[in-house]
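Trainee: I'm new to this one and would like a close look at a single part. Please pick a place to start, then work outward and spell out each term as it comes up.

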Amino acid sequence: MKDFFKVMDIEAVTALRAGFPTAGEETVPVLETLDRILAEAIVSDIDLPDFRRATMDGYAVRAGATFGASDGAPACLTVRGTIRMGEVPGFAVGPGEASRISTGGMLPEGADAVVMIERTESLDDTLIEVYKSVAPGENVVEAGEDFRIGETVLDRGRRIRPQEMGVLSALGRETVRVFRRPVVGIVSTGDEIVPIHQVPSQGRIRDINTYSLAGWVRRAGGIPKIYGIVPDRPEALLATCRQASAESDMVLVSGGSSVGTRDFTIETIASLPRSEVLVHGVSISPGKPTILARVDGKPFWGLPGHVTSAMVVFTVIVRPFIHHLSGLSEASETIWTIPARITRNLPSAQGRVDYVRVRLSRDQGEWRASPVLGKSGLIHTMVKADGLVRIDRDVEGLEKDAPVEVTPL
Ligand SMILES: Nc1nc2c(c(=O)[nH]1)N[C@H]1C(S)=C(S)[C@@H](COP(=O)(O)OP(=O)(O)OC[C@H]3O[C@@H](n4cnc5c(N)ncnc54)[C@H](O)[C@@H]3O)O[C@H]1N2
Ligand code: MOO
């Protein structure tokens, strides 16, 4: 009798990713770094900013000269020139003096604060009255206040967001070392699967998994490489798997991963050169018939053919492998969850971790998670859902209003 022979917990499968190398590194222009993973630590070689700057338009002063100033008793200061933007002031500000400065201008020697122009009155070209005192450092950015010279600004292994692109440019980094995006080969199997441009004859269906998995791969930071549909013939599957393995950093084969008479995926994967099957069966629902092998040093997956099972397995189990191959550090891997309350009693599959698709709605300041129930071979449960709720293996189910964490889809 055929059976699953290496059933494992989700956590144990996830831990296997440490045994695979990253997809390598490359250097790219800073404009192309969005969502890429840093392959170098960024250490500031300057104080940022490297001079004292005004954060308001007004007058650079010694704060002490304004102490006690108010509407009724203004401080009277002598104007000592105008600071030109982008230039080093050629003069110092002494006690009782002020110089005109614009936002972003460099403070002259002697000045330690800026009085906003609205808090002053110009008496003539050389005299102003100040109606409000300023504290030392007020309306000023100090040298090194953003980042100090020698400070680690960004760690290796973090994902670059627009703000990181900004700080890289502030440091003058035109190019940056990042991890290569892993190429993920996608193979669909099944005699009943037809390309999407065809009208399926009776008994056949269009290929869904190629496209949904390609979307998930892209979202996880990989580059999908499509190998199309392979019929249920072991030689055909073997040839495509060999090619995909040679050309990709990771491979996803969907369908044929269970234990039926036409499920050849496990034998095919096992017969690939330098192949070792690590997992056949995971304690997850949906998605138990999941295969993981190491083929030529790369992760090679057999995912369940059922469309929702394939996607649930991807988000829970495969995605962390793409993160790992992409160099994403565990510290940067957090996927935010949304706290919610479940809207109904929900039984759960015992002995497996259950992933329930839920729809979110807002009710009196709280998120409510409504289960979208349906078989794992139907796609509507994913299409109508906003997220997944995990129900642990030994939990019998959830009671209405139980607190849950929703992982967005
Ligand atoms: N006797 C048993 N039968 C099944 C078991 C089991 O434990 N014992 N597990 C069931 C579960 S759970 C799942 S999930 C599926 C997984 O099956 P396979 O990975 O072998 O996939 P297939 O049999 O090839 O296909 C399942 C289902 O999905 C459709 N499919 C496949 N590929 C695509 C695609 N690219 N696009 C759209 N739909 C696809 C396929 O037509 C089947 O309907 O096995 C259960 N059986
Ligand atoms: O594990 Mo299957 O994926 O329950 O449908």
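**From one loop outward**

Mentor: Let's start at G374, which is partly exposed, because 15 other C-beta atoms lie within 10 Å of its own. The cut-offs are simple: 20 or more such atoms within 10 Å make a residue buried, 12 or fewer make it exposed, and anything in between is partly exposed, with C-beta atoms placed from the backbone. Keep in mind that this is a predicted model, where local features need pLDDT of at least 70 and side-chain atom pairs count only at pLDDT 80 or more, while totals for chains, interfaces and linings use all residues. As for labels, residues are numbered from 1 along each chain as its sequence is written, and chains are lettered from A and ligands numbered from 1 in the order in which they are written.

G374 sits in the loop between β25 (366-371) and α7 (380-383). Those names are DSSP runs numbered from the N terminus: helices are H or I with at least four residues, strands are E with at least two. Setting aside neighbours within four places in sequence, G374 is in contact with H380 and T381; contact here needs C-beta atoms, placed from the backbone, within 7 Å. For a sense of scale, the C-alpha atoms of G374 and P95 are 78 Å apart, with their positions 279 residues apart along the chain.

Now for the strands of this region. Four of the five residues of β26 (residues 387-391) are buried, so β26 is largely enclosed by the rest of the structure. Strand β24 (residues 353-363) pairs with β26 in the antiparallel sense over five bridges, and V358 has G387 of β26 as its bridge partner. Strand β28 (residues 403-408) also pairs with β26, antiparallel over three bridges; there V389 is matched with V406 of β28. To count as a pair, two strands need at least two DSSP bridges between them.

V312 gives us a way across to other elements. V312 belongs to helix α6 and counts as buried, with 27 C-beta neighbours inside 10 Å. Apart from residues up to four places away in sequence, V312 touches P286, G287, Y355 and L388. The C-alpha atoms of V312 and R148 are separated by 44 Å.

Helix α6 (307-325) is among the elements that cover the buried residues of α3, along with β13, β16 and β17. Helix α3 (residues 209-220) has 12 residues and reaches 16 Å from first to last C-alpha, close to the 16 Å expected at 1.5 Å a residue; the expected span is 1.5 Å times one less than the number of residues. Its buried residues are N209, T210, S212, L213, W216, V217 and A220. Just past the end of α3, G221 has a positive phi of about 105 degrees. Helix α3 lies across β13, β16 and β17, running at about 165 degrees to β13. Such angles go from 0 to 180 degrees between N-to-C directions, using lines fitted to C-alpha atoms (for helices, over the stretch in contact).

Those strands belong to an open sheet of six, ordered β16-β13-β17-β21-β20-β18, with mixed pairing. Its edge strands are β16 and β18 (275-280), each pairing on one side only. The twist averages 20 degrees from one strand to the next. β13 and β16 pair in the parallel sense over six bridges, and T189 stands opposite V230 in β16.

Helix α4 (residues 234-247) meets some of these strands too: β13 (183-189), β16 (223-230) and β17 (250-254) are among the elements covering its buried residues. Those buried residues are L237, T240, C241, A244 and S245. They cover an arc of only 135 degrees around the axis, which puts them on the same side of α4; the arc is that of the directions from the helix axis to the C-beta atoms. The face of α4 turned away from the buried side carries the exposed residues E235 and E247.

Notes. Two residues are in contact if their C-beta atoms, placed from the backbone, lie within 7 Å.
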